[in-house]
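Q: I should like to learn how to read the features of a protein model. Could we go through them together, step by step?

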Amino acid sequence: MNTTGFIFDLDGVIVDTAKYHYLAWKKLADELGIEFTKEDNEQFKGVSRKRCLEILLEMGGRSVSQEQFDAWMVEKNEDYLAHIEKMDASEILPDVAKVLEHLKSNKTPIALGSASKNARPILEKVKLLSYFDTIVDGNSVSKAKPDPEVFLIAAQQLNVAPDRCVVFEDAVAGIAAANAAEMVSIGIGESDVLHEADHNFTDFTEIDLTFLDALANK
């Protein structure tokens, strides 16, 4: 039997940090006089910080110097970090720990594949870091999802063939990246939004452990 690797996105899959990203982007948007709603924030899910700021400035019809652009990127990140500094294990989404514990107990290779550059400190805050054999985050990749780079690097570091990997994602770009890598894609969230995923669940409470075992043994 070939080994199967499981790769998890972070934001919206393991913890809901999207709300903190929203608050940080909203604060910057307010400073710039750009209207920014929770619906607008949906466009930012799974997207790099640089691209998010580009979208925000496009929304406001603003063009700025590279120096100002870089300063706003830093400002947004510092605001976001102030929010995640207060995170603890209560922020883990329902049944995620149960799934990780089950996979770990079966000695299943587990990776994190996230656009976040703050993935490691977040996992430390919520006390899940020890479950992951490798972490591939925004500091490790040059191409953002939907490019499959993040998941292909994770598979390589787990020493598992891409077609033996299972990816958990909450963003359209992430599902597209998993599919491009020819991995099994599992959408966590709205099935009508993540309809290109191979399997869909609203959250981890809907995932039966026997389903995970079947994926691991396919």
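**Reading a predicted model**

A: Let us begin with a single residue: Ser140 lies in the loop that links strand 3 (134–136) and helix 7 (149–158). Please keep in mind throughout that this is a predicted model.

Q: Does Ser140 count as buried, exposed or partly exposed, and why?

A: The class follows from relative accessible area: under 20% is buried, over 50% is exposed, and values in between are partly exposed. Ser140 counts as partly exposed because its relative accessibility is 35%.

Q: Which residues does Ser140 touch, not counting those up to four places away in sequence?

A: Ser140 touches Ile135 and Ile153 when those neighbours are set aside. One may also compare separation in sequence with separation in space: Ser140 and Ala111 are 29 residues apart along the chain and 13 Å apart from C-alpha to C-alpha.

Q: How does one describe two packed helices?

A: Two packed helices are described by the angle between their axes and by the distance between those axes. In this model, helix 1 (residues 18–32) packs with helix 3 (residues 49–59) at an angle of about 35°, and their axes are 11 Å apart. The crossing of these two helices, helix 1 and helix 3, is right-handed.

Q: Which residues make the contact between helix 1 and helix 3?

A: Helix 1 contributes Trp25, Leu28, Ala29 and Leu32, while helix 3 contributes Arg49, Cys52, Leu53, Leu56 and Leu57. By character, the residues of this contact divide into 8 nonpolar, no polar and 1 charged.

Q: Which residues of helix 3 are buried, and against what do they pack?

A: Cys52, Leu53, Ile55, Leu56 and Leu57 are buried in helix 3. The buried residues of helix 3 pack against helix 1 and helix 4 (66–84). After helix 3 comes Gly61, whose phi is positive, near 60°.

Q: Why do Cys52 and Cys165 count as buried, and how many disulfides does the structure hold?

A: Buried means under 20% relative accessible area. Cys52 counts as buried because its relative accessibility is 2%, and Cys165 counts as buried because its value is 0%. A search of the whole structure finds 0 disulfides.

Q: How many residues has the largest nonpolar core, and which have the most contacts inside it?

A: The largest nonpolar core has 38 residues, and Phe8, Ile14, Phe132 and Phe168 have the most contacts inside it. Leaving aside neighbours within four places in sequence, Phe8 is in contact with residues including Val13, Ile14, Leu103, Phe132, Phe168 and Phe204.

Key: Residues numbered from 1 in each chain as written. Predicted model: local features only at pLDDT ≥ 70, side-chain atom pairs only at ≥ 80, totals over all residues. Heavy atoms only, no water. Core = buried A, V, L, I, M, F, W, Y, C linked by side-chain atoms within 4.5 Å. Buried < 20%, exposed > 50% of the residue type's maximum accessible area, 1.4 Å probe, protein only. Contact = heavy atoms within 4.5 Å. Disulfide = S-S within 2.5 Å. Axes fitted to C-alpha atoms, helices over the stretch in contact; angles between N-to-C directions. Helix = DSSP H or I, 4+ residues; strand = E, 2+ residues; numbered from the N terminus. Left-handed = near helix turned anticlockwise from the far one by under 90°. Nonpolar A, V, L, I, M, F, W, Y, C, P; charged D, E, K, R; others polar.
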